[in-house]
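Visitor: I would like to take a close look at a single part of this structure. Could you choose one and explain carefully how it sits in the whole?

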Amino acid sequence: MYMETKLKTPAVEFSYFRLSLLSYLRDMHPDKADDMDFIATRGDAAASAYSETIKSGHSHHEAEEISSQILYEGLHFSVYRTIINILWEEFSEEIDLSESEDLAIILLPRLSDTISKYTLSDDFVNTPEYSQLYTELTGEIQIRFEDGI
């Protein structure tokens, strides 16, 4: 019975690419870490690209680069990590820094109106709009702290 159940679980569910993406999402985009369809689709596309690149005669390094581009496209900038950075930089005297990740998860959906005003991209941190977003989020977080979050 155990063997039968084990065989019904497709090995691709636990592919390197899916696990890598899941780990990355948990660290950078925890709000997306439960989207198993996204993880499966993106992980499978990266695995396929890796395989095709190797079959085309390219090196493992080149295949890794191509698959990583597919796997992490649109995920390099993290609002979650930006909020954590704001908490560390601007509110280190008001909060226990060890609680910043949990606090960022609580704040993230509450700051969505401000976040949605921006077109976020992989290189968003290098744009003039990043500074504006940082300032707006800092002000909103301050107000939330004053109101008891």
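**A close look at one helix**

Guide: In this predicted model, the chain has 8 helices and 0 strands, so that we may begin with the whole before turning to helix α3, which covers residues 36-55. The chain has a radius of gyration of 19 Å, whereas a compact globule of 149 residues would have one near 15 Å, and its C-alpha atoms fill a box of roughly 55 × 45 × 25 Å along the principal axes. Of the 149 residues, 34% are buried, and when we take the contacts between residues at least 6 apart in sequence, 62% of them join residues at least 24 apart.

Now consider α3 itself, whose length can be checked by a short piece of reasoning: because each residue should add 1.5 Å, the 20 residues of this helix should span 28 Å, and the end C-alpha atoms are indeed 28 Å apart, which agrees. Within α3, the buried residues are Ile39, Ala40, Arg42, Gly43, Ala46, Ala49 and Thr53. It helps here to recall that an α-helix has 3.6 residues a turn, so residues three or four places apart point the same way. As for their surroundings, the buried residues of α3 pack against two other helices, namely α2 (16-28) and α4 (60-72). Just after the end of α3 comes Gly57, which takes a positive phi of about 95°.

Definitions and conventions
Residues are numbered from 1 along each chain as its sequence is written. This is a predicted model: local features need pLDDT of at least 70, side-chain atom pairs count only at pLDDT 80 or more; totals for chains, interfaces and linings use all residues. Side-chain values use heavy atoms; hydrogens and water are left out. Helices (H or I, at least four residues) and strands (E, at least two) are DSSP runs, numbered from the N terminus. The radius of gyration is taken over C-alpha atoms; the globule rule is 2.2 Å times the number of residues to the power 0.38. Buried means under 20% relative accessible area, exposed over 50%, partly exposed in between (1.4 Å probe, protein chains only). Contact means heavy atoms within 4.5 Å. The expected span of a helix is 1.5 Å times one less than its number of residues.
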